[in-house]
Amino acid sequence: MLISCSNSIPRYLFGLVSRNHAIRSISHVHQESKVTLIDGDSERTLQAAKRKKRIEWKRRRHSDSFLDHLIITVRGGRGGDGCVAFHREKFKPFGPPSGGNGGSGGSVYIMPSTQLTSLTGVSKRVIGGAGGHGQGTWQHGRAGSDVILKVPYGTVIREVMDSRRAKDAWEAEEESYDDQNLTVEERRIKRRQRRWVHYPEYEDDNIAREDFRDAEAKLAIEERQRRAEELDRRQTPIFIDFGDQYDFTSDEKRLKSIEEANKPLGLPRSKNRGILVASGGAGGHGNPYFLTPMNRSPKIASRGHDGIRLTLELELKLIADVGLVGFPNAGKSTLLSALTKRRPEVAAYAFTTLSPQIGTVRVFENGEFDGGGIIEESWLEREQNLVRLSEGLEETPRQPRPSRQTHEVFRFTIADNPGLIGGASENIGLGHDFLRSIERARALAYVVDLNGDSPIKELDTLRNELENYQVGLSSKCKMVIANKADLLGPHLEDPDDRRIEEARSKLSLLEAWVHENFGPLDVVPVSAKYNQNLRRVVKLLSAYVDESRQAQSKHAQEASPTVPHFYL
Ligand SMILES: Nc1nc2c(ncn2[C@@H]2O[C@H](COP(=O)(O)OP(=O)(O)OP(=O)(O)O)[C@@H](O)[C@H]2O)c(=O)[nH]1
Ligand SMILES: [Mg+2]
């Protein structure tokens, strides 16, 4: 879709600034600070490095409510210990061994949840419940409770294999012995204590027995096998992507398979716990397990095993339909405020937005959308509200949407991102920290300040930064939103009508450059602050999102042939 706006742009769009001189002068203060960024290379790097340090500190301080990257350790629960006991009954002085086995440890599962939007509530250490110990009269220990770790949709989970990986049970054990500087004999004693349960006062006796050494060798073989299996498993580190392609309901359907449906009443149904990441350790053996023809009253039992230990890296890539990409101060947050009910912080300094914000655009039958009103800077709005409250009035009402008679016909989400600057790919500014959230957007829109020194240069930088982050990412950009068009027309200080012509030619130049360099992208001049020409933006964005959704559902239908599920 290609539109030519420069000539058709209504005259009223330019020149709205005369309504608010104060804000305009603040914007100009900012323009100056931005120029220092583009000036001399070394100066820019120095400034950017200082700013990055400050922003990172600020982001850590203020962003408790949003977390998109986290490293957690996960551990399956430890199995319960086996029990050494002998059956006691009247007239039966030497009853058989009756110690129960230990219960297995609880496992840890990961499940996506639509209720969550941030990784903030996710624990950094997740441990499955421990299995219960076995008891006399052949009572086995209860199984440890499973833990289901819930993460938001859009989370990518990777197993960490580098130096950040937590030690597994065997490595941790050896390290603790190294720390205590134990001799070989002392280590052997400690290892035995860790693995065996003895009948009271029979430890020395047990250790001296030949069949104990056989049992110990058997246990050592089992342990080596478990360790080899774990090393094998590590060859393919865990990778789970709960992106929008992930169909969780299919897991549920799989669980409700035909066998499940035909299961006799009263038997427990399988519950969808999500994806297993760390299984719990097996329980230890009770003393009946060690019964041999040579030893009819074994006075040993084995202890439970540790569960699997993993270190996982969680990365939340928000799934918004449209992502806004622009330099700091281009007006992205103002645009989000104008299009949705979300109220991100708006201010005339760079890097006001430190974490991605998502809002929902609700489009009505008559082309209206939910949002709007004049978007002042947040501090000004707060001050105005304080004054109104002190006068006994209610907070400044947002401009009501004109007609609510029509019903909603379309809805899509839009993400406002922190500002991107030249050199973000070398981790200048906020670096790439937030780009992960636009990676998955169906469509991207560049937001530039039409009143700025060089919107063309900004666009070029934005495109390069996107490409440096991920080759081909810039092809997702569907339109250029040329914001702050109101600042270009005639205003009180300079009521000259020629300014309109100048504004039009600036826009034509931008359009020509975009079409030559980016292809047939729509260039739409708007004023986010004063809600001018936003209906056009919503219309175009709805069209891109709709197109992409339809393409995706068609693709999904082709990929999975329909299998009738009688239980549906
Ligand atoms: N005149 C005018 N000012 C605008 C318009 N849109 C935004 N502004 C002003 O531009 C400044 C920056 O706006 P923001 O929405 O915070 O910009 P941003 O792109 O979110 O900035 P960062 O969060 O720092 O990346 C504020 O002072 C806004 O009031 C507009 O259409 N017209
Ligand atoms: Mg912002």
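Helices and strands here are DSSP runs, numbered from the N terminus, with at least four residues for a helix and at least two for a strand. With that in hand, here's a quick tour of this predicted model. The chain has 568 residues, and 38% of them count as buried. Its secondary structure comes to 13 helices and 16 strands. Take the contacts between residues at least 6 apart in sequence: 79% of those join residues at least 24 apart.

**The six-strand sheet**

- Let's start with an open sheet of six strands, which follow the order β12-β13-β11-β14-β15-β16 with mixed pairing.
- β12 (357-364) and β16 sit at the edges with a single partner strand each, so one side of each has no neighbour in the sheet.
- Going from one strand to the next, the twist averages 25°.
- Inside the sheet, β11 (residues 322-326) and β13 (residues 408-416) pair in the parallel sense, over three bridges.
- If you'd like to find that pairing on screen, look for Leu324, whose bridge partner in β13 is Asp416.
- Over at β16, four bridges tie this strand to β15 (residues 477-483), and the two run parallel.
- Met479 is a handy marker there, as Asp522 in β16 stands opposite it.
- β16 is covered on both faces: Asp522 and Val524 are buried on one side, and Val523 and Pro525 are buried on the other.

**Helices that pack on it**

- Helix α9 packs on this sheet and touches β11, β12, β13, β14 (443-449) and β15.
- The direction of α9 makes about 160° with that of β13.
- α9 (residues 332-339) is mostly covered, with eight of its eight residues buried.
- Those buried residues include Lys332, Ser333 and Thr334 as well as Leu335 and Leu336.
- Helix α12 (residues 498-517) lies across β15 and β16, and runs at about 160° to β16.

**The nonpolar cores**

- The largest nonpolar core has 79 residues, and the members that touch the most others are Ala445, Tyr446, Val480, Ile481 and Ala482.
- Two domains feed into this core: at least three residues come from each of domain 1 (11-67 + 318-364 + 408-555) and domain 2 (69-250 + 269-316).
- Ala482 is a good place to zoom in: leaving out residues up to four places away in sequence, its contacts include Val448, Leu450, Leu507 and Leu510.
- Ala482 also touches Val523, Val524, Pro525 and Val526, again not counting residues up to four places away in sequence.
- Apart from this core lies another one, of eleven residues, among them Ala85, Val197, Phe290 and Ala301.

**The three-strand sheet**

- Another open sheet has three strands in the order β4-β2-β8, with mixed pairing.
- Its edges are β4 (147-152) and β8 (275-278), and each has a single partner strand, so one side of each is left without a neighbour in the sheet.
- Neighbouring strands of this sheet are turned by 35° against each other on average, direction ignored.
- β2 (residues 108-113) and β8 run antiparallel and are joined by three bridges.
- One spot to look at is Tyr109, whose bridge partner in β8 is Leu276.

**His285 in its loop**

- His285 lies in the loop between β8 and β9 (300-302).
- His285 has 25 other C-beta atoms within 10 Å, and the cut-off for buried is 20 or more, so this residue counts as buried.
- Not counting residues up to four places away in sequence, His285 touches Gly82, Asn101, Phe290, Ala301 and Ser302.
- His285 and Gly80 are 205 residues apart in sequence, while their C-alpha atoms are 9.2 Å apart in space.

**Two asparagines with positive phi**

- Asn531 isn't a glycine, yet its phi is positive, at about 60°.
- You'll find Asn531 in the loop between β16 (522-525) and α13 (534-559).
- Asn531 is partly exposed, with 19 other C-beta atoms within 10 Å.
- Asn533 is found in the loop between β16 and α13, and its phi is also positive, near 65°.
- Asn533 has 20 C-beta neighbours inside 10 Å, and buried takes 20 or more, so Asn533 counts as buried.

Definitions and conventions: Residues numbered from 1 in each chain as written. Chains lettered and ligands numbered in written order. Predicted model: local features only at pLDDT ≥ 70, side-chain atom pairs only at ≥ 80, totals over all residues. Buried ≥ 20, exposed ≤ 12 C-beta atoms within 10 Å, placed from the backbone. Pairing = 2+ DSSP bridges. Axes fitted to C-alpha atoms, helices over the stretch in contact; angles between N-to-C directions. Core = buried A, V, L, I, M, F, W, Y, C linked by C-beta atoms within 7 Å. Domains from an automatic or database assignment. Contact = placed C-beta atoms within 7 Å.
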